[in-house]
Amino acid sequence: MKEQGWEPYGEVIPRVKEVRVGGKRAEVIDCQDTSQAGMADRRTHQLIPGTIKANSTANIKAELEQSADGRWRLVGLSIREAACTPPSS
C-alpha cells in the first residue's frame with residue numbers, strides 16, 4: 001500500500017468476541033467493524049473511492065504473553081479467513 005502511495009483512512013472499531021486466558025498466555029478474538037475504514041492518497045489525504053465497504057468486518061486473532069514485569073505484550077496477530085459477526089453492543 002505504501003508503494004502505491006496509499007495510507008489508512010477512517011476508523012476501525014474493535015468488537016471483542018472472546019478472551020481466553022491460560023497462565024501467562026492469552027488469546028483475543030475480535031470481529032472488527034471496518035465499515036468506516038479505507039485507504040487515502042498519501043499526498044492529498046483524500047479517500048480513494050471503493051476502499052470503504054459497508055457492513056464489512058475483519059476476523060482478528062491476537063495472541064498475548066505476560067512478561068516478567070507483569071505487562072501483557074502482543075506476540076502474534078493474524079487475520080482469520082472465516083467470516084465473523086460482531087457481538088451486539
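Reader: Is Q4 buried or exposed?
Author: A heads-up first: this is a predicted model, where local features need pLDDT of at least 70, side-chain atom pairs count only at pLDDT 80 or more, and totals for chains, interfaces and linings use all residues. Residues are numbered from 1 along each chain as its sequence is written, and side-chain values use heavy atoms, with hydrogens and water left out. Q4 sits in the segment before β1; strands (E, at least two residues) and helices (H or I, at least four) are DSSP runs numbered from the N terminus. The cut-offs are under 20% relative accessible area for buried, over 50% for exposed and partly exposed in between (1.4 Å probe, protein chains only), so with its 52% Q4 is exposed.

Reader: What separates the C-alpha atoms of Q4 and R42?
Author: Along the chain, Q4 and R42 are 38 residues apart. In space, the gap between their C-alpha atoms is 9.0 Å.

Reader: And G23, buried or exposed?
Author: G23 belongs to the loop between β2 (16-22) and β3. Because its relative accessibility is 61%, G23 counts as exposed.

Reader: How many residues apart along the chain are G23 and E65?
Author: Their C-alpha atoms are separated by 9.0 Å. Counting along the chain, the spacing of G23 and E65 is 42 residues.

Reader: Which residue is joined to C31 by a disulfide?
Author: The structure holds one disulfide, meaning a pair of cysteine sulfur atoms within 2.5 Å. Here the S to S distance is 2.1 Å, and the link is right-handed, with 85° about the S-S bond. It ties together distant parts of the chain, 53 residues apart: strand β3 on one side, the segment after β5 (72-79) on the other. Both cysteines are buried, and the partner of C31 is C84.

Reader: Why does N59 count as buried?
Author: N59 is placed in strand β4 (residues 57-66). It counts as buried because its relative accessibility is 7%.

Reader: The side chain of N59 reaches the backbone oxygen of which residue?
Author: Leaving aside neighbours within four places in sequence, the contacts of N59 (heavy atoms within 4.5 Å) include I29, D30, S78 and C84. At 2.9 Å, the backbone oxygen that its side chain reaches is that of A82.

Reader: What is phi of N55 near?
Author: Most residues other than glycine have a negative phi. N55, in the loop between β3 and β4, counts as exposed at 77% relative accessibility. Its phi is positive, near 55°.

Reader: What about phi of H45?
Author: H45 is found in the loop between β3 and β4 and counts as partly exposed at 46% relative accessibility. Phi of H45 is also a positive value, near 65°.

Reader: Which element gives the most to the lining of the largest pocket?
Author: A pocket, on a 1 Å grid over the protein atoms alone, is an open set of points where a 1.4 Å probe fits, with protein on both sides within 12 Å along at least five of seven lines, and lining residues have an atom within 4 Å of a point. This one holds about 290 Å³ of space, the volume being that filled by probe spheres set on points joined across faces, edges and corners. Of its twelve lining residues, the closest to the centre are T34, A37, G38, M39 and T51. The elements giving two or more residues are β1 (6-13) and β3 (25-41), and the top contributor, with four residues, is β3.

Conventions:
Polar contact = N/O pair within 3.5 Å; in protein donor to acceptor, adjacent residues only side chain to side chain.
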